[in-house]
Amino acid sequence: MTQQLAAYTTSTGEAFQFWVLGTIAVIGALCTVFMKKAVHSALCLAGTMVILAVFYLANGAYFLGIVQIVVYTGAIMMLFLFVVMLVGVTAADSLKETIKGQRWLALLCGLGFGILLTAGIGNAAITEFNGLGQANSGGNVEGLAALIFTNYVFAFELTGALLITAAVGAMVLTHRERTERAKTQRELAEQRVREGKHLPPLPAPGVYARHNAVDIAGLLPDGTPSELTVSKTLRDRGQIRDVSTEALNDLKALEQRAEDRLERSNSGKSGEASK
């Protein structure tokens, strides 16, 4: 009787955890959809996945909780995040639909998913269940494997086929055919000569500047900084340190010392010649 009562009741700590983390998970899911920047959406989705893992762990599904964190949040979601950060998604990307009717199809799929979710929650609320103790009697991994490879084997096979189809479809949609022949190195070199661009390799940052940092422009032989030695991004941000004044002063001092030495050596030679 005590076990049955515990199965149908919720403790204060469990209820507090559900309402707090559930609210954060829903907010994260909404932010994933409505955020304008793809990186922010990916971060919100990662946070929602972590909260789902906490729910799994709190309900005794330790294997699912660890898989949710290690595989989905730690591997797949971070891979998406790095791809978005490296490739970049800007406002200049076209939002025109390439597949007609995809919004209505997405709305229909969302409606069907909502009906299935409501039916599943209603079934779980009405139907009696045996509890976690019997399901995990031989261990959580063993109980999960027994369900996957017996009652739900076809569902998981269909899910795997759906994921593979989605991956292949994403590769097909993102593949771009080259519309023109790629130029060879010789053709690129001839083009640079015709346009009068900088032909030899660019000097490295900090050349003749007594510093090898990337934000310090290399100096020309006369001591003036060369803009070609610093990245255009740093120039646009204004993150360039100017050491040309110090270098010019050092160059003048060096020239003065050289002149003084030449004058002393010439005066010494003239004195010896007079003797």
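**Exercise 1. Find out whether Q68 is buried or exposed, and which residues it touches.**

Solution. Q68 is buried, since its relative accessible area is 10%; buried means under 20%, exposed over 50%, and partly exposed in between, with a 1.4 Å probe and protein chains only. Next, place the residue: Q68 sits in helix 4. Helices (H or I, at least four residues) and strands (E, at least two) are DSSP runs, numbered from the N terminus. Now list the partners. Leaving aside neighbours within four places in sequence, Q68 is in contact with M49, L52, A53, Y56 and T73, where contact means heavy atoms within 4.5 Å.

A word on the model before you go on: it is predicted, so local features need pLDDT of at least 70 and side-chain atom pairs count only at pLDDT 80 or more, while totals for chains, interfaces and linings use all residues. Residues are numbered from 1 along each chain as its sequence is written, and side-chain values use heavy atoms, with hydrogens and water left out.

**Exercise 2. Do the same for T48: which helix holds T48, and what does T48 touch?**

Solution. Start with the helix: T48 lies in helix 3, which covers residues 38-58. Then check the cover: T48 has a relative accessible area of 11%, so this residue is buried. Last come the contacts: not counting residues up to four places away in sequence, T48 touches A25, G28 and A29.

**Exercise 3. Work out how many aromatic pairs there are, and classify the pair F18 and W19.**

Solution. First, the rule: rings of Phe, Tyr and Trp (its six-membered ring) pair if their centres lie within 6.5 Å; planes under 30 degrees apart count as stacked, over 60 as edge-to-face and the rest as tilted. The count comes to 2 aromatic pairs. In one, the ring centres of F18 and W19 are 5.3 Å apart and the planes stand at 75°, so this pair is edge-to-face. In another, F18 and F55 have ring centres 6.0 Å apart and planes at 35°, so this pair is tilted. The F18 and F55 pair links distant parts of the chain, with F18 in helix 2 (residues 12-34) and F55 in helix 3, 37 residues apart.

Now add the accessibilities. F18 is partly exposed at 45%, W19 is exposed at 60%, and F55 is buried at 15%. Put together, F18, W19 and F55 form one aromatic cluster.

**Exercise 4. Say which helix gives the largest share of the nonpolar patch.**

Solution. Begin with the members: L57, Y62, I66, I69, V70, V71, Y72, I76, L79, F80 and V83 make a nonpolar surface patch of about 970 Å². Helix 4 (residues 62-87) gives the largest share, 10 residues. Take V71 as one of them: V71 is in helix 4, and this residue is partly exposed because its relative accessible area is 36%.

**Exercise 5. Locate L228, then describe the protein as a whole.**

Solution. L228 is in the loop between helix 9 (185-195) and helix 10 (232-237). At a relative accessible area of 43%, L228 is partly exposed. The C-alpha atoms of L228 and A217 are separated by 7.9 Å, with the two residues 11 apart along the chain. Zooming out, the protein has 11 helices and 0 strands, and 14% of its 275 residues count as buried.

Conventions:
Patch = residues over 30% accessible without salt bridge, like charges linked within 9 Å, V, L, I, M, F, W, Y side chains within 5 Å. Areas by Shrake-Rupley, 256 points an atom, 1.4 Å probe, with all protein chains shown as cover. Salt bridge = Lys/Arg side-chain N within 4 Å of Asp/Glu carboxyl O.
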